[in-house]
Amino acid sequence: MKHIVITIGCEYGAGGPQIGQMLAKALGIEYYDRDLVDKVVQQIGVEKDLVEKADVEKGVHYSFDTSLGPRYANLTNRVISAQFQVIHQFAEKSSCVIIGRSSDYILKDRDDVLNVFIYAPEEVRVQAVMDMDKVNKAKAEEIVSYNDEQNHARHKYITGTYRGDRRNRHIMIDSSLLGWEKTAQYLLMLIEMLEEKGA
């Protein structure tokens, strides 16, 4: 298989990470999700809980000591910058699947990238969260709403565009149409056809 990077943006509860894992396993390539946070922690040397907070919130500050006393900086921007570098490193190193992190935008200048966006009706996503997290409907609705809001805000902050903007994606698919496993199979067929086209 030729070098390929598959970026998957998704609505919360639509199965993006799970479908991404299936693709990575079937193709025998790397899979990156929360691994990115750990890599950023190593790169910038800031505590993981702070990096995770700055990964989803705007304007998170941290202090560092100088000869003139403590100073403060915008950790959010530093985390975003580090993630840009890490995502480029992953994409360059080997074929892989990258979940979220505005990776479609970050890798927009590469010609070996397939940008996928996975969505589903809200009631389907709420049910998925109820099943996965073992919570009631009200709590699941709260989790879906919170994560959608955070993810949309973060993507807009980084890219200036909306996550579901079709101009930034090669394919958008409702995962409730086929279910997670068959959606992965459908995307595998697409990748195979792209391989044949490029052969």
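Which residue forms a salt bridge with Asp104? In this predicted model, the partner of Asp104 is Arg169, and the closest N and O atoms of the two are 3.5 Å apart. Asp104 belongs to helix α5 (residues 103–106), while Arg169 sits in the loop between α7 (137–159) and β7 (171–174). The pair therefore links distant parts of the chain, 65 residues apart.

## Salt bridges

The count of salt bridges comes to 6. Three of them are listed here.

| Pair | Closest N to O distance |
|---|---|
| Glu11 and Arg125 | 3.4 Å |
| Asp104 and Arg169 | 3.5 Å |
| Arg110 and Asp112 | 2.9 Å |The pair of Glu11 and Arg125 has closest N and O atoms 3.4 Å apart. Glu11 lies in the loop between β1 (5–10) and α1 (16–27), and Arg125 lies in helix α6 (residues 122–133), so this salt bridge ties together parts that are 114 residues apart in sequence. Both Glu11 and Arg125 are buried.

The two partners of the Asp104 pair can be described in the same terms. Asp104 is buried, with a relative accessible area of 5%. Arg169 is buried as well, with a relative accessible area of 10%.

Arg110 and Asp112 meet through their side chains in a salt bridge of 2.9 Å, N to O. Arg110 is partly exposed, at a relative accessible area of 23%, whereas Asp112 counts as buried at 17% relative accessibility.

Which residues are joined into one network by salt bridges that share partners? They are Glu11, Arg125 and Asp148. Asp148 is found in helix α7 and counts as buried, at 12% relative accessibility. Leaving aside residues up to four places away in sequence, Asp148 touches Glu11, Tyr12 and Arg125.

## The sheet

In what order do the strands of the open sheet stand? The sheet has 5 strands in the order β2-β5-β1-β6-β7, and the pairing is parallel. At the edges are β2 (30–32) and β7, each of which pairs on one side only. From one strand to the next, the twist averages 20°. In general, strands of a sheet pair through backbone hydrogen bonds.

Strand β5 (residues 96–99) is joined to β1 by 4 bridges, and the two run parallel. Ile8 stands opposite Ile99 in β5, and the bridge partner of Thr7 in β5 is Ile98. Strand β5 also pairs with β2, in the parallel sense and over 3 bridges. There, Tyr31 has Val97 of β5 as its bridge partner.

Are the residues on the faces of β5 buried or exposed? Cys96 and Ile98 on one side are buried, and so are Val97 and Ile99 on the other, so that both faces of β5 are covered.

Two helices that pack on the sheet can be described through the strands they touch. Helix α1 packs on the sheet and touches β1, β2, β5 and β6 (113–119). The direction of α1 makes about 165° with that of β1. Helix α4 (residues 75–93) also packs on the sheet, with contacts to β1, β2 and β5. The direction of α4 makes about 160° with that of β5.

## The cavity

How many cavities of 30 Å³ or more does a search of the whole structure find? The search finds 1. About 40 Å³ of space lies in the largest cavity. Its lining is made up of Ala54, Asp55, Val56, Glu57, Lys58, Thr76, Ile80, Arg154 and Tyr157.

The elements giving two or more residues to this lining are α3 (48–56), α4 and α7. Among these elements, α3 gives the most to the lining, with 3 residues. Helix α4 is one of the helices that pack on the sheet, and helix α7 holds Asp148 of the salt-bridge network.

Note on methods:
Residues numbered from 1 in each chain as written. Predicted model: local features only at pLDDT ≥ 70, side-chain atom pairs only at ≥ 80, totals over all residues. Heavy atoms only, no water. Salt bridge = Lys/Arg side-chain N within 4 Å of Asp/Glu carboxyl O. Buried < 20%, exposed > 50% of the residue type's maximum accessible area, 1.4 Å probe, protein only. Pairing = 2+ DSSP bridges. Axes fitted to C-alpha atoms, helices over the stretch in contact; angles between N-to-C directions. Contact = heavy atoms within 4.5 Å. 1 Å grid on protein atoms, 1.4 Å probe; cavity = no way out; pocket = protein on both sides within 12 Å on 5 of 7 lines; lining within 4 Å. Points joined across faces, edges and corners; volume = space filled by probe spheres on them.
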